[in-house]
2 protein chains.
Amino acid sequence: MKPTHIEHIGIAVLSLEESIPYYEKVLGLECYAIEEVADQKVRTAFFRVGDTKIELLESTDPDGPIGKFIEKKGPGFHHIAFAMEQVGEALKHAADQGVRLIDEVPRPGAEGLQIGFLHPKSTQGVLTEFCGNE
Amino acid sequence: MKPTHIEHIGIAVLSLEESIPYYEKVLGLECYAIEEVADQKVRTAFFRVGDTKIELLESTDPDGPIGKFIEKKGPGFHHIAFAMEQVGEALKHAADQGVRLIDEVPRPGAEGLQIGFLHPKSTQGVLTEFCGNE
């Protein structure tokens with residue numbers, strides 16, 4: 001049930017257009033994809049760093065989850081996603097350990113992956129995602 | 001000037017004793033070191049995940065940086081550290097790009113590494129560290 005690696009770090013930003021140049025020019029990373037996830041009301045930009053990705057999240061609607069997050073906390077770290085070989089089993093294992101889940105079963109996420117979120121009340125304030133191919 | 005990988009993710013916690021079991025039992029990670037960094041007024045616990053580490057940060061003094069962070073924002077994500085081959089050069093490059101620095105030159109950090117922080121006002125709210133062997 002151990003993650004193979006950190007699949008990505010999700011970072012809420014006010015504007016992809018203003019944030020991408022920082023990641024490219026200051027950190028030297030390359031934005032390899034921009035994807036809109038309509039049902040999450042976000043536009044995302046991806047960068048690879050070692051075996052992890054950085055996923056920038058720009059809200060497309062103030063009432064969406066990232067819009068509300070930024071209104072409450074400002075831009076910054078949003079979530080950490082662990083790569084799990086079996087997302088459903090990992091969620092079930094977490095629930096068995098007393099962790100409150102946002103997603104009881106995996107659902108489709110960005111980049112064609114299956115994903116599921118743990119509730120930050122059960123993870124010391126760190127919004128945590130499991131993701132993988134199944 | 002590109003980072004080779006994310007060296008670690010720093011997470012502020014109220015208590016290592018309460019947080020370590022979550023990382024071990026729910027996520028299946030192993031705490032391989034606990035280290036006190038007296039001048040930063042923190043106790044740290046480290047876990048490896050792929051080529052990255054998770055560094056839990058517990059304050060040993062309410063007036064220390066983690067104590068103040070938790071008082072203001074609660075426990076959760078604190079910083080991201082990028083592994084840079086030459087920390088001093090990477091800091092200088094960031095400053096040349098207009099980034100405000102917390103550390104103008106590298107200083108010794110945990111695990112024998114040289115480290116330097118960028119100011120979150122210049123990094124869209126993401127406290128960012130560069131670290132490496134030189």
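Ile54(A) touches Ile9(A), Ile11(A), Tyr23(A), Leu29(A), Ala45(A), Phe46(A), Phe47(A) and Val49(A) in its own chain, and Ile6(B), Ile80(B) and Phe82(B) in the other, not counting residues up to four places away in sequence. The model is a predicted one. Of the 60 residues in the largest nonpolar core, Ile54(A) and Ile54(B) touch the most other members. The points below cover the interface, the sheet of chain A, parts of chain B and some single residues.

**Interface of chains A and B**

- In the contact between the chains, 43 residues of chain A meet 43 residues of chain B.
- About 3200 Å² of area is buried between chain A and chain B, and carbon and sulfur atoms give 69% of that area.
- On the side of chain A that touches chain B, the elements giving two or more residues are β1 (5-13), α1 (16-26), β4 (52-59), β5 (76-83), α3 (87-96) and β8 (128-132) of chain A.
- The rule finds 0 salt bridges across the interface of chain A and chain B.
- It finds 7 residue pairs in polar contact across the interface of chain A and chain B, with both residues at pLDDT 80 or more.

**Thr52(A)**

- Thr52(A) belongs to strand β4 of chain A.
- Thr52(A) counts as buried because its relative accessibility is 2%, and the cut-off for buried is under 20%.
- The side chain of Thr52(A) reaches the backbone oxygen of Ile6(A) at 2.9 Å.
- Leaving aside neighbours within four places in sequence, Thr52(A) is in contact with Ile6(A), Glu7(A), His8(A), Ile9(A) and Phe47(A), and across the interface with Ile6(B) and Thr52(B).

**Sheet of chain A**

- In chain A, 8 strands form an open sheet with mixed pairing, in the order β2-β3-β4-β1-β5-β8-β7-β6.
- β2 (31-37) and β6 (107-108) of chain A stand at the edges; each has a single partner strand, so one side of each is left without a neighbour in the sheet.
- The pairing of β2(A) with strand β3 (residues 42-49) of chain A is antiparallel and runs over 6 bridges.
- Glu36(A) has Arg43(A) as its bridge partner in β3(A).

**Helix α1 of chain A**

- Ser15(A) caps the N-terminal end of α1(A), with a side-chain oxygen 3.2 Å from the backbone nitrogen of Glu17(A).
- The buried residues in α1(A) include Leu16(A), Ser19(A), Ile20(A), Tyr22(A), Tyr23(A) and Val26(A).
- An α-helix has 3.6 residues a turn, so residues three or four places apart point the same way.
- Gly28(A), just after α1(A), takes a positive phi of about 80°.

**Strand β1 of chain B**

- Strand β1 (residues 5-13) of chain B is mostly covered, with 8 of its 9 residues buried.
- β1(B) pairs in the antiparallel sense with strand β5 (residues 76-83) of chain B over 7 bridges, and Ile80(B) is the bridge partner of Ile9(B) in β5(B).
- β1(B) also runs parallel to strand β4 (residues 52-59) of chain B, joined to that strand by 6 bridges.
- In β4(B), Leu56(B) is the bridge partner of Ile11(B).

**Phe46(B)**

- Phe46(B) lies in strand β3 (residues 42-49) of chain B, and counts as buried because its relative accessibility is 2%.
- Leaving aside neighbours within four places in sequence, the residues in contact with Phe46(B) include Tyr32(B), Lys53(B), Ile54(B), Ala110(B) and Glu111(B).
- Phe46(B) and Ile20(B) are 26 residues apart in sequence, and their C-alpha atoms are 9.4 Å apart in space.

Notes:
Residues are numbered from 1 along each chain as its sequence is written. Chains are lettered from A and ligands numbered from 1 in the order in which they are written. This is a predicted model: local features need pLDDT of at least 70, side-chain atom pairs count only at pLDDT 80 or more; totals for chains, interfaces and linings use all residues. Side-chain values use heavy atoms; hydrogens and water are left out. Buried means under 20% relative accessible area, exposed over 50%, partly exposed in between (1.4 Å probe, protein chains only). Helices (H or I, at least four residues) and strands (E, at least two) are DSSP runs, numbered from the N terminus. Two strands pair if DSSP finds at least two bridges between them. A nonpolar core is a set of buried Ala, Val, Leu, Ile, Met, Phe, Trp, Tyr and Cys residues joined through side-chain atoms within 4.5 Å. Contact means heavy atoms within 4.5 Å. Buried area is the accessible area (1.4 Å probe) that two parts lose on being put together, summed over both. A salt bridge is a side-chain nitrogen of Lys or Arg within 4 Å of a carboxyl oxygen of Asp or Glu. A polar contact is a pair of N or O atoms within 3.5 Å; within protein, one must be able to donate a hydrogen and the other to accept it, and residues adjacent in sequence count only if both atoms are side-chain atoms.
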